[in-house]
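The following report describes selected parts of a protein model for a first-year reader. Please keep the sequence and the structure in view while reading.

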Amino acid sequence: METPIIELKEVSRRFPAGDQEVAALDRVSLAIRPGEMVAIVGASGSGKSTLMNILGCLDRPSSGQYLVNGRETGGLDNDALARLRREYFGFIFQRYHLLPHLDAVRNVEIPAVYAGVEKNRRRARARELLCRLGLGDRFDHRPGQLSGGQQQRVSIARALMNGGNVILADEPTGALDKKSGLEMMAILHELHGRGHTVILVTHDMNVAAHAGRIIELSDGVVVRDEVNPASPAVDRGRMLEPEREDRQANLLRVTWSRFGEAFKMAWIAMVSHRLRTLLTMLGIIIGITAVVSVVAIGQGARQKVVNDISSMGTNVIDVFPGKDWGDEKASAIHTLVPADIDALKSETYVDSVTPILNGSVLVRYRNLTANASVSGVGDQYFRVRGLEIDQGSIFREDDVRRQTQVVVIDQNTAKKFFSGSSDAIGRVIFLGALPCRVIGVTREKESPFGNNQNLSVWIPYTAAMGRLLGQQYLSSATVRVREGLSNQVAEQNIITLLTRRHGTKDFYTSSSDTILKTVNKTTATLTLLISAIAVISLVVGGIGVMNIMLVSVSERTFEIGIRMAVGARQSDILQQFLIEAVLVCLMGGLIGILLSYGVGLVFPLFVTAITMKFSTVSVAAAFFCSSLIGVMFGFLPARNAARLDPIQALARE
Ligand code: ADP
Ligand code: MG
């Protein structure tokens, strides 16, 4: 005797009802051979649908055994059951259960997508099936654009997509008019004739009369199981082999095809709820825009400060009298003298060094007067400070030695007294009572702390000591460290040298290097702070995404049920919703990045001091973060979706 394709042994299905249980099926045993056409009849509530769900591996028996093609199904996991559904069964539902967003061809090909059939092949087969069912001109129509009978034919094509060895039809004519119902039965007959096993549920005895065998259920018990002598004769064809899922063949392609479907569905879901998707993205958009632009502004600001400090010289060390900044006794310390400068000059790590005496004088030229700060400096001062000359020249060592009365003035002074820097050269101005010849004008220098409005003039420090300020000690000294040498080591050496010379450490040093480090540290702290705020905003955005995804899952429970019925694995469903969450976040991220570039365009209109610096790292990090958020906050809803029970999902129309 032939192996039954379907065999139930003492199968019961009990549902909890209050404190008790109701048995929708009670120890049902039956065997159906390949190629049979069976009608299951019975009053409403007699257990027909419950039986069909168990036959179709959508539900499991509470007790008893169910064998498909001789194989026990009790020990199979969800994915194995999904595979059985794909390989053996084709479902036809009373209300068609097509996916409303997809056209006819796409609906038909879904089972093949999950079986991993190559795209062109499955599309060709879907078209062929639709043609055979008389829908050759309805490929691109969505379910809403088709009549009930046409939709039911699309659902038959879908049932046949992977072979449809066993066709399970629950009240297939229930929602159809009489004519469509007859058409439907004719098709089922034809399939039966071609060797498909057809099991249909009906409460209509006229419909049941088409079947070769009638099984009647009453309160979950088989009360009648007999051959129908009135059934129309059919020539029994051979049993159709289902299209085998070839697993080894091309795992990559199968995975890709499933991924493609998941991606497409995610995309459709997003596009069909544009406003909602956009609002969901908003949190992510704001978060990403904030981070990317703030980081860019921070980078720009840092860059500017660093540039400014570098232009002052990052390898410069100042020496001041006193214990530390703001030492009130500092003015009484007169130990820093020109001889210290000479000592420093001969050190190997010193590139150049200059003494500095500070004072303030009334400058006069003809009838013009103005207050200016005057500095007595060495000839190397301009190199140490990185000051460039616009016109004329700086004073030489010779001028320093001979206390020459020459002066270098800045642009402000040149503008104040003369019509321009070239006009200033060679003129004699009075610093207090001391006449000095202007020999050079410095180029204007960008200051990190805003543009200086002071007038500054520089004369040889010897002249300042002997002829102008009358002090024999220095206000400070500035050392430029040789390129490539460590500021720290140089600073240490300077301290040792001067301490030895002074007998005590009555001075302090300040290195521009230290300032730079402080700036870097401050920016790092600020960036961290802003990042923390950004993380909070992204988490809030992520929770928004999770919320909407949960809504989306519960809205599409029915779709999930259909997909599972036609053979989607749990992982397919998980993937679909995860992709959707990641897509929402990624698009949010992308929009955020674009927006921050927009900010970058508008920003210079308001702030000119700083230019925004977009780094590829921060953009890449933004992308990475948004995908991560998608995965993290999409996982829970996606897992909920994947864990849905197909029957309960299908019941939620
Ligand atoms: P039919 O399809 O023959 O009308 P069903 O198989 O749908 O009958 O239902 C058989 C019995 O099982 C009914 O009494 C129904 O209330 C009960 N039943 C079906 N599904 C569930 C369920 N998920 N939970 C509780 N009871 C159920
Ligand atoms: Mg029913």
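In this predicted model, Gly149, Gln152, Arg153, Ile156 and Leu160 of helix H5 meet Ser180, Glu183, Met184, Ile187 and Leu191 of helix H6; contact here means heavy atoms within 4.5 Å. By class, this contact has 5 nonpolar, 3 polar and 2 charged residues. Ala, Val, Leu, Ile, Met, Phe, Trp, Tyr, Cys and Pro count as nonpolar, Asp, Glu, Lys and Arg as charged, and the others, Gly among them, as polar. Helices (H or I, at least four residues) and strands (E, at least two) are DSSP runs, numbered from the N terminus.

Residues are numbered from 1 along each chain as its sequence is written, and chains are lettered from A and ligands numbered from 1 in the order in which they are written. Because the model is predicted, local features need pLDDT of at least 70 and side-chain atom pairs count only at pLDDT 80 or more, while totals for chains, interfaces and linings use all residues; side-chain values use heavy atoms, with hydrogens and water left out.

**Helix pairs**

The table sets out two helix pairs. Axes are lines fitted to C-alpha atoms, for helices over the stretch in contact, and angles run from 0 to 180 degrees between N-to-C directions.

| Pair | Angle | Axis separation |
|---|---|---|
| H5 (148-160) and H6 (178-193) | about 15 degrees | 10 Å |
| H18 (557-565) and H19 (570-606) | about 140 degrees | 10 Å |

Angles under 35 degrees count as roughly parallel, over 145 as roughly antiparallel, 65 to 115 as roughly perpendicular and the rest as oblique. H5 and H6 pack at an angle of about 15 degrees, which makes H5 roughly parallel to H6. H18 and H19 are therefore oblique to each other. The crossing of H5 and H6 is right-handed, and H18 also passes H19 in a right-handed crossing. A crossing is left-handed if the near helix is turned anticlockwise from the far one by less than a right angle, and right-handed if clockwise.

On the H18 side the contact is made by Glu559, Ile560, Arg563 and Met564, and on the H19 side by Ile573, Gln576 and Phe577. These residues divide into 4 nonpolar, 1 polar and 2 charged.

**The sheet**

An open sheet of 6 strands follows the order E6-E7-E8-E3-E9-E10, with mixed pairing; two strands pair if DSSP finds at least two bridges between them. Strands E6 (89-92) and E10 (221-227) stand at the edges with a single partner strand each, so one side of each is left without a neighbour in the sheet. From one strand to the next, the twist averages 15 degrees. Strands E3 (residues 37-42) and E9 (residues 213-218) run parallel and are joined by 5 bridges. Ala39 has Ile214 in E9 as its bridge partner.

Helix H5 lies across E6 and E7, at about 170 degrees to E6. Helix H2 (residues 78-88) also lies across E6 and E7, but runs at about 80 degrees to E6.

**A covered helix and an unusual phi**

Of the 12 residues of helix H3 (residues 104-115), 11 are buried, where buried means under 20% relative accessible area, exposed over 50% and partly exposed in between (1.4 Å probe, protein chains only). Among the elements that cover these buried residues are H2, H5, H18 and H19.

Most residues other than glycine have a negative phi. Tyr96, in the loop between E6 and H3, has a positive phi near 65 degrees. At 11% relative accessibility, Tyr96 counts as buried.
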